[in-house]
Amino acid sequence: MPHPSLAFLPGRDPAPLKGRASRQPQAPTSDLGRRASLSALLLSPWLMPSVWAQALGAVPSGAASGVQLAMPWPPGRSPQGFSVSEKFDGVRAVWDGQVLRFRSGRVIAAPAWFLSALPRVALDGELWMARGAFDRLSGVVRQTEPDDDAWRAVKYLVFDAPGHDAPFAQRVAFVQSTLAKAQQPWLMPVAQREVIDARALQALLQDTVRQGGEGLMLHRADALWQPGRTDAVFKLKPELDEEGLVVGHQPGKGRLLGMTGALLVQMPSGQRFALGSGLSDAQRRNPPPVGAWVTYRYRERTPSGLPRFASFLRVREVE
């Protein structure tokens, strides 16, 4: 009978192998070797990252097909040549001219009146309600049956036109003219502006955050659209954030005895770290399961690339 900790490994066949050439005789296993083998079998995923990674598969470093993702803005860099806009804490929504989807590709169940008003061109943007209303918005747009009244409070803030083969500045003009023709108050282009230098950019960031905004987005004005993580799009926030894959749980100690002390999170780079800060007691009693994607905030990175002062923010909803 295969050991339960290894039965889940992809492609592992617990049945004896047949039809292979005879093997060379092997030396008897010593007691020390047997104890080492048994210890390896009993180790948790927390202590066996390579085995756990095989079970879960590699962590993707790019985006879902057809989605452009931003990189953190380098401190002190001049914003000249970039279009700057507010970063809205909404739910990413991509319209291909016929179907509205989450960034993962799963279809968004929006009301018929919402979909029929969208222009028949590709758009990329955020479903949004208001600053600080992410949880309420998420509950509305992720329902499998749309709540018509609740959707009346949802706006679609469009910042790009993926199907338009032109630099970003021209795509912005295209979005503005296209949405103006639609004449829908909830269908709005994201306002873009130019910022003269790094000092003015920081002042704009502070003002945006002071008013309840999340941060800023910067698009290189001359860049063509391309999917995945790109250096043509950046995000600037007081605290950086990133998503990682939960690959294990660390038991709590002291007051947290019997609960989860920290999540073992694998970054897009493949590096792993313990994420304990920011978890409520309820989340420690019922932690995000292995295989869940979580968002965490951090201030900066260590020389080895790990997030410094990381804090759990939320579980990324299944899309």
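Residues are called buried when their relative accessible area is under 20%, exposed when it is over 50%, and partly exposed in between, as computed with a 1.4 Å probe on protein chains only. The structure is a predicted model, in which local features need pLDDT of at least 70 and side-chain atom pairs count only at pLDDT 80 or more, while totals for chains, interfaces and linings use all residues. Residues are numbered from 1 along each chain as its sequence is written, and side-chain values use heavy atoms, with hydrogens and water left out. Helices (H or I, at least four residues) and strands (E, at least two) are DSSP runs numbered from the N terminus.

Phe 88 lies in the loop that links strand S2 (82-87) with strand S3 (91-95), and with a relative accessible area of 17% this residue is buried. Beyond its neighbours within four places in sequence, Phe 88 is in contact (heavy atoms within 4.5 Å) with Glu 126, Trp 128, Leu 157, Val 190 and Glu 214. The C-alpha atoms of Phe 88 and Phe 134 are separated by 9.5 Å, the two residues being 46 residues apart along the chain.

In S2, which precedes this loop, six of the six residues are buried, so the strand is largely enclosed by the rest of the structure. Pairing of two strands requires that DSSP find at least two bridges between them; S2 pairs with strand S8 (residues 215-220) in the antiparallel sense over six bridges, and Ser 83 has His 219 as its bridge partner in S8.

S3, on the other side of the loop, belongs to an open sheet of five strands with mixed pairing, ordered S4-S3-S5-S6-S7. The edges are taken by strand S4 (100-101) and strand S7 (187-189), each of which has a single partner strand, so that one side of each is left without a neighbour in the sheet. S3 and strand S5 (residues 123-128) run antiparallel and are joined by five bridges, with Glu 126 of S5 as the bridge partner of Arg 92.

Helix H4 (residues 134-141) packs on this sheet, touching S3 and S5, and its direction makes about 40° with that of S3, where axes are lines fitted to C-alpha atoms, for helices over the stretch in contact, and angles run from 0 to 180 degrees between N-to-C directions. The buried residues of H4 are Phe 134, Leu 137, Ser 138, Val 140 and Val 141. These residues cover an arc of only 165° around the axis, which puts them on the same side of H4, the arc being that of the directions from the helix axis to the C-beta atoms. Asp 135 and Arg 136, on the other side of H4, are exposed. The cover over the buried residues of H4 includes S3, S5, helix H5 (148-151) and strand S16 (311-315).
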